Structures are given as structure tokens and as C-alpha cells.
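Let's take a walk through this one together, stopping at a few spots along the chain. Have the viewer open and follow along.

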Amino acid sequence: MTDLHEALRDDVRMLGKSLGETIESHLGSEFLEKIENVRKLAKEGRNEEQPEHEELLQALQDLGEDDVLPLARAFTQFLNLANIAEEHHRVRRHLEVTDVCTPDSLCTLFAQLRQKGFSPQQISEALSKTHIDLVLTAHPTEVNRRTLIQKYDDIADCLRRLDRGESEAQHRLDELIRQIWHTDEIRKQRPTPVDEAKWGFAVIENSLWTAVPKFLRRIDAQLNETLGENLPLDCSPIRFASWMGGDRDGNPNVTAKVTEEVLLLSRWMAADLYLNDVDELRAELSMYKASKELRERVGDCAEPYRQLLSEVRNRLKATKNWVHAQLRGDIPSDEPVYVRDDELLEPLMLCHRSLRECGMEVIAESALEDIIRRIACFGLTLVKLDIRQSSDRHAQVFEELSQFYGLGSYNGWSEEGRQSFLLKELQSRRPLLPNGWEPSAEVQEVIDTCRVVANAEQSALGSYVISMASQPSDVLAVILLLREMGIDHNMRVVPLFETLNDLDNARDCIDALLSVDWYKAYTQGHQEVMIGYSDSSKDAGQLAAAWGQFRAQEGLTKLCKEHDVHLTLFHGRGGTVGRGGGPSHTAILAQPPGSVDHSLRLTEQGEMIRFKYGMPDLAVRNLELCTGAVLEATLSPAPGPEESWRSQMDSMTARSLTEYRAIVREDPMFVPYFRAATPEQELAKLPLGSRPAKRRQDGGVESLRAIPWIFAWTQIRLMLPAWLGSDRALGEALQNSSAPLVKQMYQQWPFFRSTIDMLEMVLAKSDTNLSAYYDERLVSQELGILGASLRGRLSDMFDLINEIKDQEGLLAANPVIRQSIDVRNPYIDPLHFLQAELLHRDRNQPDQRLEQALMVTMAGISAGMRNTG
């Protein structure tokens, strides 16, 4: 292990040296000495018992105007390079273990399940029935340009080559670092929704396309080695969906036209990837011996496999041409194309059967099986596109319709009245939309979107998610609109419960919905519900939101069993702890018993997609962890909370909710302090994603999206959304007779342990000294009183977590993360001090150059903070 850690340090030194040489060649040795002096002073400041940054601040103040931007860029790029080295190191550590079975691998879980009395067949069948959707979303926390992400991937490849002794990779690595230095790291324009979708496709092409067959082979090997079972070729426990190009809630840039284009691009990309695979396979399958079945198909030719694969190749080319014509608005040719997965699978399975029948099993199990397993995961559409829209946009359609028909105001009707109208229309044979009706532009857009969805292949679609859904009519309205547009299948329509109040009412809403006979028949025995983590945390604070989510899932699980309907929970988790983030496998195992029943949907957001799935070997690891967690939570879930724990959580979360809202909603100083101390308003200038940072431009904190809300607090290292309210709730519990109970909850209850561990990780990345400097530079004396109070409360949290965990310091049991944070701090500190200074100047004397440097500091701090950035 020591050798491996030394290898990481060597990689970081090498990358830093190459960056230094690049900077020196561009800006001279004198400037490089300034950077090195700043780094040395930052490190020395951190080495003291009480951090002291006076010399560092003086060095930064001595910088000339022309030095500020390149200095910010230097530290930002070093942090990006350190991230690459860490990701590569994680892969290297995993690859050092040559055994298929390791302590946290699936075969260890299989053995544990056998010990608990499950038969090999039960385990294998449960795995075959497992259906996990990882839903890729473009929530704007990925600050890096796609251009740079590709170069970072190439650097990771160079590190792999250097590990294999390919010394010539060093020259390519040095070249890439020079390319990066001479490339703007900040986009000039926001990406479009189509750009975001293409970024998602690139992650699949560059990593997941390789990772998925490796992952499925590993499952198959572990099943066989441990249980003597196999994973069927047509089975993939994990599939991928996407919100990129489908999520239009609060994003006017996602139109029906955009959704149609993304659906077509997804199909084109899949056909292109399969075409490359088939070309390679055709080159390999030169054998002449074939089964009678294959001979009957292709005739008496010399190379039967190549003959059949030529037909597949031609049809894939025709599929690409058909999509291309659609994208251009041309009339496609009438050549046969692939529409359904089984059409592509059939000739490949014929080759597979023939090879096995002719004694060529090893050939059948190689590249051919990889393509077959890819079809099981990606199908012909690569990802299934989810659609998301707010309930009020659907209601607006029926409001304008009811007014047109002279029926009064749909929005003014009772819930019973709305349901009665919608159910009657759902069972009516006449059209709903009248000729000559001219709806508003907003309503026309909703109708156009439903038409695009109705015309799409069922295999291309995931779920239709309704945000701010609170009544059965919200769901029935969407089904009626889709039916009116001619959809030919029962698409999953999924209510999303986001605020604490929504979560508390989720059970009653779904109960009312499933009590509608027509709707229950529509579900065909399967109900999906989405739990929103980001907005509930912003609404109620992290602790109260987490408990609200847990209780909602418990209630929904019990309810769906009563209705004899299978429940799939869709977890809208963000990358940060304040948005439900943290290790997915830990979170899955912490869910209420029975709530993970073979199926689960989970969002993977922003930069976390790249961190978890950007390298094939990392992707394999994360896919395996997720699958194992779902299998374990299905077959052997942790027991539910004891009544005493439940009562204690009720008490603590009631207190935390009151304390959180007392500051965020009721303290008149809070919003002015938030706007002064953090770069919240300046973040809007950073072109992160296609969505606006606010739902309403004139609103306060309540209108701010959860992501910039978290991002802003992370930039000043106060991390307020993750702990505010919890401090008083946990503090009171530990000061009275509940202390032993709270410690017992941590030791014995996965949900509470996961909550505290995630909180600890965020606290370890907070820094009261840095946030105090932002106050000193940016905040009035009056508002500074609130800042000082919040920092005092944050400091108290450290002691509370250490007491619950019975440890001396934060992350005592996780030295790897502790070391990672400590190593990064000297490189992030100068960016914080620079940012505070730049914010001060930008607010008083705006300057284009300073604004660019400010955006670079935001990107650098985000890179340094990783999963809380």
C-alpha cells in the first residue's frame, strides 16, 4: 500500500513539474517563482497549529494586475491534474488486486447471502430480475469544457501507458499539458441542451461502452465461481437513462424540437457504435464451419459469419442514414432499418449459436458476446430519455381548454372535479383538442412536447416526471395529453415529491391515485415515484429533509404492498451531500427495508458522472458496487429503526427544522448576508449549464435553484446547507439523557450512520478561517455579526460529530480522504483569498480581466472540493 501511495505522489509531482515547465516557457522563470512562493506560503500557513496567512495575503496583494489571471489558472489547472492522478490511482489500486473475489466484490456478497440461507438459484434469479436505471443529468456543476475533459481523459491514458513502461507517453503528456494551458478553461457561452446531451453520449462512447461488457463479464464470472450460475446474455442489471434534452422544468431552452433532435441523435450514436463493433467482429469471424441454421440463412458461401454480418452492417448504415435524413428534415429512403433491439440481436445470436454448436465456444464468448451484452444494456437508443415538466404547465393546458369550451376555470375546480373531467375524457372517443383553437405559446409547447413523446419508439423513452405534483389530477392530466397525441403504450408517469410538505403528503397522494380504478389498471401493476433530495434539503435543512425522505419511502413501500403494486423509487440525488450525495452504495443500503425491491432509479449528476464513470475501470467498479447494494437491499435489507430511534429522530428533526428556517427564512439579515459573503450573484455569469440559475429572476433564496445555493456556500467553505439546524438538534440531544441513544443509533442504524458520515465528510472540507476572510473583505460590520455566529455554530459541529463517533478528530477512520483534503488545501487557499479580493474589486470597479480571473477561481475551488463543489 505504501508503494501505491508513493506512486500517486510521484504522478502528482510529475504532472506539477510538467505544468511548471509549461508556465515557465510561456511567462518566464520570475513568474513561476511567484507561483512557487505563493504555494510555499500557503503550505506553511497550513502547517501551523492556528493557520496564519498574513504572508500569503501580502504576496497576493503584491501581484500586478496582469499576474492575477495566470496565477488563478496555474492553481486551478494543478488541482485538475491532481484529480486526474487520484482517479488514475483509484483504478491502479483496484487493478493491483488480481483476484475476481475481493472483500467488497459481488462474490463476497454472494457467499454472505448463501450463509443467510439463500440458494444459488434464488441469488441468481434476484440478480436477473434486478433493474437499475442510472439517469444521467446535466445539472450545471460540471465547470470544465468538453474540450478540456477530452484532454484530461488523454492525460489519464498517458498515465496508464507510463505505468506499463511506455516512456514515449511522457512526451504526449507534456504536449497535452501545454495544450491545456493555452486553452481557455471557461466557456464563452452556455452549452445548449443538445450540447449537454452530446456530452452525455461522449461519456458512454469514451468509457461506458467499454466498461459495461467488462462489468457484465465480471458478474458472470463471480456468479459462476461462487454459485455455479451464469448471467443470461440478455440480462443487464444496470441500464442508462438521461434527462439531457428531456428536462424542461424551469428551462425554456429545452423545447419539443430539442427533445426530438436528442432522441434522433441518441439513435444515430448507438447505430454508429454498433457499426464500429460489427466491422471489428466481421474482421475476426473468418471461420468457414457453420451450423445448418446459419447455412440455411446465408447459403453455401465460404465465409458464412462475414456474409451475415455484412447484412447487419448494411442495415446499421441504413439506420444512420435514416436518422441523418430525419435530422436534416429530408425524406428518408425506404431501405430497411433497425427499429427494435431484437432485430439487431437476432443475427448476432444466430452467429453465437452456430459458433457454439461447431465447437468454437471461446470465439463465441469474446467480442461477439460483448456486443450482445451491450444490446442488453444500451439497446438501439443508447439511453432512455426521461421527460420532466412542472405540473402547473400541464394544468395551464386544461385551464385554456376549459375557458375555450366555456366550462369555467379548470384551476378553480376542486380536485374531485378535475379528476372527474380527466377520467371522462380519458374514456371518451372524441378528440379533446378543438379545431380552430389557438392556445398560448406556452401551452402549444407542452402539446408539441407530448406529440414528440407520443411519436417516439417506446424503447427510446424512460419516465415522464412531473415536478411539483401533489394531486392525482397532476398525473391524469399528463396521461390524457399523451393519449390525445396518439401514444400507443402506457408510459410511466411519475410524480416528483420535492419539498418537506410534499414528502409528508406523498403517501396520501399515491393512495388517492391508486384508488382510482382506471389509473390502477393503467399502471399494469407498477408504480414509480420520484423523491427529490435537492429542494427538500434547501426547504428544510439536511437532517429534517433526510428523515422526511426516509419516512416518505417507508409509507410508500407499505402502501404499494397494500395495493398489490410493485413500487420503484426514483432517487433524485445530487452530487453534493446537501443534495443527497455521497457514495451511492452506502445510500442504497441505508434505505428503509423493503423499499429497494429489485428495482431502483438514481440520478447521476454533473461532474459526478465523470468522476464515477469517466474511466472504464472506475466505471466497472462503481457499477458493481451499485448492483451489489441493490441486490443486498433486496434480499437482505437492514432492519427498520427501533421505536426509540424513530422518536428521537422526530424530536431532533423538529428542532433542526425550526432552527434552520429561523435563519434561512426568518432572519432579515440572512439573505443580505448570503448575497454579500458568497459569490452567488456572480455565479450566474459562469456559463455552467443550459438552465437559468433561478426559477424567477426577481425572487429571493426560495427561487434559487438548489445547485447554485450549495455551490455558493461551498465556494466560501462554510457548507451551511449540510449542517445548519443539525447543530442545535444534535447538540441538545447530546447534552441531555439522549446521548447514549444517539450513539447507539449511529452504531446500529445504517440510515443514521450514513447521514452522520456524510455530514462528517462535508465538515472536514469546511474552513471557518477562510469564510471569516470573505466576511472581512466583503461583508458589512452589521451583517458580519450573523457570519461570526454561523462560524461559531459550525465549529461546535466538529465536536458534536467527534462525540457521536467517539473519535479525536474528523475522518479519523478515513485517513485516505483526510490526506486528500490536507494535500489539496495549500493549492485551494490562494484561490479563496484571490476570489475574495476579486469579488471586492468586481463589485466596486468591474473589469473584464478581473471577471475572467474570478470565474477561474470558481472553477478551481470547485475542482479542489470535488464532491461538495
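Start with Pro 830, which sits in helix α36, the stretch covering residues 815-844. Keep in mind that you're looking at a predicted model. Pro 830 has a relative accessible area of 0%, so it counts as buried. What does Pro 830 touch, once residues up to four places away in sequence are left out? The list is Val 38, Ala 42, Leu 60 and Phe 75. Take Phe 75 from that list: Pro 830 and Phe 75 are 755 residues apart along the chain, yet their C-alpha atoms are separated by 8.0 Å.

Now move to helix α27, residues 670-677. Of its 8 residues, 6 are buried, so the helix is largely enclosed by the rest of the structure. The buried ones are Phe 670, Tyr 673, Phe 674, Arg 675, Ala 676 and Ala 677. Let's zoom in on Ala 677, which belongs to α27 and comes out at 0% relative accessibility, so it is buried by the under-20% cut-off. Setting aside neighbours within four places in sequence, Ala 677 is in contact with Ile 716, Tyr 774, Asp 775, Leu 778 and Val 779. With Tyr 774, the C-alpha to C-alpha distance is 6.0 Å, although the two residues are 97 apart in sequence.

Next come the helix pairs, with α35 as the common partner. Helix α33 (residues 750-765) packs against helix α35 (residues 781-805) at an angle of about 140°, and their axes are 11 Å apart. That angle makes α33 oblique to α35; roughly antiparallel would need an angle over 145 degrees. The crossing of α33 and α35 is left-handed. Which residues make the contact? On the α33 side they are Ile 756, Asp 757, Leu 759, Glu 760 and Leu 763, while α35 brings Leu 794, Met 797, Phe 798, Ile 801, Ile 804 and Lys 805. Sorted by class, the contact of α33 with α35 has 8 nonpolar and 3 charged residues, with no polar ones.

While you're on α33, have a look at Lys 765, which is found in that helix. Is Lys 765 buried or exposed? It counts as buried, because its relative accessibility is 8%. For a sense of distance across the model, try Lys 765 against Arg 306: they are 459 residues apart in sequence and 57 Å apart in space, C-alpha to C-alpha.

Back to α35, this time with helix α31 (residues 726-735). The axes of α31 and α35 come within 10 Å and cross at roughly 45°. At that angle, α31 is oblique to α35, and the crossing of the two is left-handed. Here Ser 726, Asp 727, Arg 728, Leu 730, Gly 731 and Leu 734 of α31 meet Arg 793, Met 797, Leu 800, Glu 803 and Ile 804 of α35. By class, the contact of α31 with α35 has 5 nonpolar, 2 polar and 4 charged residues. Notice that Met 797 and Ile 804 turn up in the contact with α33 and in the contact with α31.

Time for some backbone torsions. Asp 564 isn't a glycine, but its phi is positive, at about 60°. You'll find Asp 564 in the loop between α22 (542-562) and β7 (566-572), where it counts as exposed because its relative accessibility is 71%. Arg 717 is another residue other than glycine with a positive phi, near 65°. Its place is the loop between α29 (706-715) and α30 (720-723). Arg 717 counts as buried, because its relative accessibility is 1%.

Finally, the cysteines. How many disulfides does a search of the whole structure find? The count is 0. Two cysteines show why. For Cys 235, the closest cysteine sulfur is in Cys 377, 11 Å away, too far for a bond. Cys 626 also has Cys 377 as the holder of its closest cysteine sulfur, at 12 Å, and that too is too far for a bond. The cut-off for a disulfide is 2.5 Å between the sulfurs. Cys 235 is buried at 6% relative accessibility, and Cys 626 is buried at 4%.

Notes: Residues numbered from 1 in each chain as written. Predicted model: local features only at pLDDT ≥ 70, side-chain atom pairs only at ≥ 80, totals over all residues. Heavy atoms only, no water. Helix = DSSP H or I, 4+ residues; strand = E, 2+ residues; numbered from the N terminus. Buried < 20%, exposed > 50% of the residue type's maximum accessible area, 1.4 Å probe, protein only. Axes fitted to C-alpha atoms, helices over the stretch in contact; angles between N-to-C directions. Parallel < 35°, antiparallel > 145°, perpendicular 65-115°, else oblique. Left-handed = near helix turned anticlockwise from the far one by under 90°. Contact = heavy atoms within 4.5 Å. Nonpolar A, V, L, I, M, F, W, Y, C, P; charged D, E, K, R; others polar.
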